[in-house]
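User: Hey, can you walk me through this protein? I'm new to this, so plain words please.

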Amino acid sequence: MYKIINSLLIILLCASCSSETPSPPPIPAESMYFPPITGDSWETKSVADLGWKPTAVQPLLDYLALKNSKGFIILVNGRIVMENYFNGHSATTPWYWASAGKTLTSTLTGIAQQEGLLNINNKVSDYIGTGWTSLPLAKENLITNKHLLTMTSG
């Protein structure tokens, strides 16, 4: 009896699984955009321009509000697709984000390494010069970018 039930479950699972996995909509092949250093204008893209489902936006916003989110932003190639604030917050509302800064820093560092702009195994002073700590130079030169990312610099 166990073998029959087991076989039926396997057949049911195989029949319910699709061999085709849905692929995300393609990201437009356009150049990366960087906003100007001065001013507050920023290029945007619409959800519809990207071929995304506009009808999915409101349920997403409702969910974010329900989860007490303060802000939410989607960037595609540097352009703003969505930027929304909740619970009385705005783009200029101060907010203590604590460890979220670590996530942003590690993400940007990973991108910089991928782009060949830095190597996390190199010493920090290769990038910002010497004298950035109160340590003697010999000890300062032992600290790598990876040490800072993993908070094991000393």
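**The core and what surrounds it**

Analyst: Sure. This is a predicted model. Its largest nonpolar core has 10 residues: Val47, Leu50, Val57, Leu61, Leu64, Ile74, Val76, Val81, Met82 and Phe86.

User: Which element gives the largest share of this core?

Analyst: Helix H2 does, with three residues. H2, E1 and E2 each supply at least two residues of the core.

User: Ok, so which residues of H2 are buried?

Analyst: H2 covers residues 57–66, and Val57, Leu61 and Leu64 are buried there. Looking down the axis of H2, the buried residues fall within an arc of 60°, so they line one face of the helix.

User: Why would residues a few places apart point the same way?

Analyst: An α-helix has 3.6 residues a turn, so residues three or four places apart point the same way.

User: Cool. What do the buried residues of H2 pack against?

Analyst: Two strands: E1 (71–76) and E2 (79–85). Just after H2 there's also Asn68, which takes a positive phi of about 60°.

User: Back to Val47 for a sec. What is it in contact with?

Analyst: Leaving aside neighbours within four places in sequence, Val47 is in contact with Trp52, Lys53, Pro54, Val57, Val81 and Met82.

User: New topic: how many salt bridges are there in the whole structure?

Analyst: A search finds four. One of them joins the side chains of Glu30 and Lys45, at 3.5 Å from N to O. Both residues sit in the loop between H1 and H2, 15 residues apart.

User: And what does Arg79 pair with?

Analyst: Arg79 forms a salt bridge with Glu43, with the closest N and O atoms 3.0 Å apart. Arg79 lies in strand E2 and Glu43 in the loop between H1 and H2, so the pair ties together parts that are 36 residues apart in sequence.

User: Is Arg79 buried or exposed?

Analyst: Arg79 is buried, with a relative accessible area of 9%. Its partner Glu43 is partly exposed, at 38%.

User: Which residues are linked in a network of salt bridges?

Analyst: Glu30, Glu43, Lys45 and Arg79. Elsewhere, the side chains of Lys123 and Asp126 meet in a salt bridge at 4.0 Å, N to O.

User: Last one: which residues form the nonpolar patch on the surface?

Analyst: Trp95, Trp97, Leu104, Leu108 and Ile111, with about 540 Å² of accessible area together. Ile111 is in helix H3, residues 100–114, and is partly exposed, with a relative accessible area of 42%.

Terms used. Residues are numbered from 1 along each chain as its sequence is written. This is a predicted model: local features need pLDDT of at least 70, side-chain atom pairs count only at pLDDT 80 or more; totals for chains, interfaces and linings use all residues. Side-chain values use heavy atoms; hydrogens and water are left out. Patches are made of residues with over 30% relative accessible area and no salt bridge: like charges are joined within 9 Å, nonpolar side chains (Val, Leu, Ile, Met, Phe, Trp, Tyr) within 5 Å. Accessible areas come from the Shrake-Rupley method with a 1.4 Å probe; for residues, only the protein chains shown count as cover. Helices (H or I, at least four residues) and strands (E, at least two) are DSSP runs, numbered from the N terminus. Buried means under 20% relative accessible area, exposed over 50%, partly exposed in between (1.4 Å probe, protein chains only). The arc is that of the directions from the helix axis to the C-beta atoms. Contact means heavy atoms within 4.5 Å. A nonpolar core is a set of buried Ala, Val, Leu, Ile, Met, Phe, Trp, Tyr and Cys residues joined through side-chain atoms within 4.5 Å.
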